[in-house]
Amino acid sequence: MQERRLSPRYAYAQPVELSDRRGVRYQGRSSDISVTGIGLLLSRNVVVALAQGGSILTTGDRFQLILPGTLNPSSQGGLTLECRVRHVRRLSREEYQVGAWFVDPSAGQKSGIAALAEAARPSMTRGS
């Protein structure tokens, strides 16, 4: 299968917050990150709560992602990014994998994302 990604992704398992259009916050966990997007593991309740036209999140839905304590703090104490859903996959009855693109990040946000991706990138050298 040919790789279609715009940029490499790296494992990045961290707690995250998501915010809907009303500002209600939900908890989730990231699974991977690249400079163009992020993979998330979300509960069914969150996928339903963030849905914008259907019963669950679908391609094109948007939300804000808050990565607390990151390298590029915003007024909320972390990196806040606008995201658009790329895909949603059901992993189990209660867990979903959601792939999202970062929407028009500012120069500062791009720097923060790049720093996170670089920090998540596996080292090619082995320690003793």
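A nonpolar core is a set of buried Ala, Val, Leu, Ile, Met, Phe, Trp, Tyr and Cys residues joined through side-chain atoms within 4.5 Å. In this predicted model, the largest such core has 28 residues, and those with the most contacts inside it are Leu 40, Phe 63 and Leu 65. Many elements contribute to this core: strand E2 (15-19), E3, E4, helix H1 (44-49), E5, E6, E7 and H2 each supply at least two residues.

Leu 65 shows what these contacts look like for one residue. Leaving aside residues up to four places away in sequence, Leu 65 touches Val 16, Glu 17, Leu 18, Ile 38, Leu 40, Leu 79, Thr 80, Leu 81, Cys 83 and Phe 102.

The strands come next. Strand E7 (residues 95-102) pairs with strand E4 (residues 37-43) in the antiparallel sense, over seven bridges. Within this pairing, Leu 42 stands opposite Tyr 96 of E7. E7 also pairs with strand E6 (residues 78-90), again antiparallel and over seven bridges. Here Val 85 has Ala 100 in E7 as its bridge partner. The connection from E6 to E7 is a hairpin of four residues. In a regular strand the side chains alternate between the two faces of the sheet.

Helix H2 (residues 107-120) has 14 residues, which at 1.5 Å a residue should span 20 Å; the end C-alpha atoms are 20 Å apart, so the two values agree. Its buried residues are Gly 112, Ile 113, Leu 116, Ala 117 and Ala 120. Seen down the axis of H2, these buried residues fall within an arc of 135°, and therefore line one face of the helix. Ala 107 and Ala 119, on the other side of H2, are exposed. What do the buried residues of H2 pack against? They pack against strand E1 (10-11), strand E3 (25-33), strand E5 (62-68), E6 and E7.

The last stop is a loop residue. Ile 56 lies between H1 and E5. Its relative accessibility is 23%, and because buried means under 20% and exposed over 50%, Ile 56 counts as partly exposed. Apart from residues up to four places away in sequence, Ile 56 touches Arg 44, Val 47, Val 48, Ala 51, Asp 61, Val 88 and Tyr 96. Of these contacts, Val 88 is 32 residues from Ile 56 in sequence, while the C-alpha atoms of the two are 8.9 Å apart in space. Tyr 96, another residue that Ile 56 touches, is the residue of E7 that stands opposite Leu 42.

Definitions and conventions
Residues are numbered from 1 along each chain as its sequence is written. This is a predicted model: local features need pLDDT of at least 70, side-chain atom pairs count only at pLDDT 80 or more; totals for chains, interfaces and linings use all residues. Side-chain values use heavy atoms; hydrogens and water are left out. Two strands pair if DSSP finds at least two bridges between them. The expected span of a helix is 1.5 Å times one less than its number of residues. Buried means under 20% relative accessible area, exposed over 50%, partly exposed in between (1.4 Å probe, protein chains only). The arc is that of the directions from the helix axis to the C-beta atoms. Contact means heavy atoms within 4.5 Å.
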